[in-house]
Amino acid sequence: MPRPMWVGSLSFGLVNVPVVLFSATRDRDVHFHQVHKDTGERIEVHRVAAGTDEEVAWDELARGWETDDGDLVVLTEDDFQAAQPEKTRTVDIDLFVDLEEIDPIFFQQPYWVLPRGEGEGPARAYRLLRDVMEKAGQVAVGRIVMRAKEQLVALRVQEGLLSLTTMRFADEIRDPQDTGAVPSLEDDPPTEQEVADAVALVEEMTADWEPESYEDHHRERLLALIAEKQERGEVTIPEPEPEPEPQRASKDLLAALEESLQRARDRKRPGSRAGSPKGPVGTPGRGADDGGSASDEAGAKTGAGKGAKARSGTS
Amino acid sequence: MAARSIWNGTLTFGTVAIPVKLFSATESRGLAFREVRASDGARIQHKRIGVESGEELAFKDLEKAYDTGTGQIVLTKEELSAADGPRPKVIEIEHFVEGEEIDPVFYDKPYHLGARDGGAHAYRVLLAALEQSGRVGIGRFVLRSREQLVALRPLHGALGLQTMRFHDELVPADEMELTTPKKDPSAREVRMAGKLVAMLADEWDPDEHRDTYREAVMEMIEAKRRGETPQLPEREDEGDDDLLAALEASLAGDGEGAGRAEKGSGSKAKAKSKSKAKGKG
């Protein structure tokens, strides 16, 4: 088992469940070292006291808070915990809500929650909380302090385990209207015909949500270009395709919607694979020429026999 | 004043092309600290040092290298850009799905979309179609040299774009080792805990929740500045030996503590009743 990311308790009424949190995500990125471009010499990042060559080890680091009048207050991890000890060690469950009420924009980092230690007490309290939450079908909302910052959390049952997802506070989410770039619906509103055609296209392009069918093309392309450089000593850099022309006039938009609808219908005729990702952008190939082959394979793998299923929601 | 966009390009679905710009949908409210040396508060500087030469190397002289196990392959920034694929300025919506099919665990970073020159009308049409159909667009685009899987959906009268995790970035539950209790919770415990959940059931109102720890940190900083040393109490072993007693105490009386608490002050009220309960035991 990996190392826990947080150690503490869930507090539910007066019941305490000692728990540990493990990350529920993992890094699958292709990693690189930083090297000197000519010699290939690898570098290391050293932390030094500014203006000197004195190296500062990890355990000598602290956080500094600069006051308005320029003073520096040095803060250690203990100071942060002492600021509100019960908070840094406890997730207090404040309320239970329905999962669908929480917009996904709030969700941040997911963790798995496990009882702390091997003892019978924590294991039983954990089991009890899991069972009642499963029965209630609701999500517990509480708070956690991690890395000197408080966050909301949503606690729920997934695959027989408790999971905890950190959530943003409402004041950490911007109002889209503040961007000044969201077109208002009042002036020049969409016509009924335009919306009806767009809805028809959206429905025609609807498939089941199958997370396993999405591969990380970036990772595939990186590994392919590394192999190319290794074999040939160079990498072919594709010329980026020009951005597609927008349909500025309403009649052009209607024509594009209808053309797309026709294409989507053609694709869904018997024998074709319904709902699999298509198109040159959705393929791992780097050049426009070889685009498509890999996605055809992926499509064939997951697409077999699901043509009927993909339409079940809308037919 | 209009915000600064972080990416400009074109959103496509079918052959429809909408010029758009992208904005971050979040802002950090965390306190900003400096990295310093604990002993004297000296600021920390990061230096890139050659492993063999011990010399400091300038950032402009660095490239990325991939470790093959038997050697390394150096790639220039230009060569790495080949991983962006042929359409780096396009958000291509590949298809649509029912919004409620997507488990929230897949959602990662949120962004807002705005319209760019000539895109306003088609933007509104797509927004109206998504609001009407309840569907979410799934697509891909390259942001900061990294292709992202994204979900497109209506949010607060605008098009929202949220990056998505790939399924293999999620750690499956079966990789976790769960200790099974020797004795299952009793029927009575389950019943009482169920009551407690029902008492705490409420509606989700995000605006009711605010960061309260931040104030405590600011107070702690002030105390430290006056020369006081914050005291960290010993960690108690919070395990409850008597689940039933804790459940009973939660349901009984101390209504303000365990009951439908005013949010925000709820944890304080609970802390109070907690110490009372401990006194009793």
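Let's start with chain B. Its secondary structure comes to seven helices and eleven strands. Keep in mind that this is a predicted model. Chain B has 281 residues, and 39% of them are buried. Now look at its contacts between residues at least 6 apart in sequence. Of those, 60% join residues at least 24 apart.

How confident is the predictor? For the complex, the ipTM is 0.85 and the pTM is 0.84. Chain B on its own averages a pLDDT of 87. In that chain, 86% of the residues score at least 70. Which elements of chain B have the highest and the lowest mean pLDDT? Strand S11 of chain B, residues 158–164, has the highest, at 98. Helix H7 of chain B, residues 266–280, has the lowest, at 38. Stay at that end of the chain for a moment. Over residues 255–281 of chain B, pLDDT stays under 50. For that stretch the model has 40 contacts beyond four places in sequence.

Next, the interface. How many residues of chain B are in contact with chain A? The count is 172, and they touch 175 residues of chain A. On the chain B side, helix H2, residues 120–133, gives the most, with twelve residues. What kinds of residues make up that side of chain B? There are 80 nonpolar, 42 polar and 50 charged.

Strands pair across the chains too. Strand S5 of chain A, residues 61–66, is joined to strand S3 of chain B, residues 34–37, by four bridges. The two run antiparallel. If you want one pair to find on screen, take Leu61(A), whose bridge partner in S3(B) is Arg37(B).

Over to chain A. An unreviewed UniProt entry carries the annotation "domain: Ku" for residues 53–184 of chain A. In the model, that span is 22% helix and 39% strand. The C-alpha atoms at its two ends lie 57 Å apart.

Last stop: helix H4 of chain A, residues 192–204. Why should this helix span 18 Å? Because it has 13 residues, at 1.5 Å a residue, counting one less than the number of residues. The end C-alpha atoms are indeed 18 Å apart, so the model agrees.

Which residues of H4(A) are buried? They are Glu194(A), Val195(A), Asp197(A), Ala198(A), Leu201(A), Val202(A) and Glu204(A). And what covers them? From chain A, the cover includes helix H6, residues 250–267. From chain B, it includes strand S7 (90–98), helix H2 and strand S9 (135–143). That is the H2 of chain B that gives the most to its side of the interface.

Methods
Residues are numbered from 1 along each chain as its sequence is written. Chains are lettered from A and ligands numbered from 1 in the order in which they are written. This is a predicted model: local features need pLDDT of at least 70, side-chain atom pairs count only at pLDDT 80 or more; totals for chains, interfaces and linings use all residues. Two residues are in contact if their C-beta atoms, placed from the backbone, lie within 7 Å. Ala, Val, Leu, Ile, Met, Phe, Trp, Tyr, Cys and Pro count as nonpolar, Asp, Glu, Lys and Arg as charged, and the others, Gly among them, as polar. Two strands pair if DSSP finds at least two bridges between them. UniProt positions are given in the numbering used here, feature names are shortened, and annotations may be inferred rather than shown by experiment. pLDDT is the predictor's confidence in each residue, from 0 to 100. A residue is buried if 20 or more other C-beta atoms lie within 10 Å of its own, exposed if 12 or fewer, and partly exposed in between; C-beta atoms are placed from the backbone.
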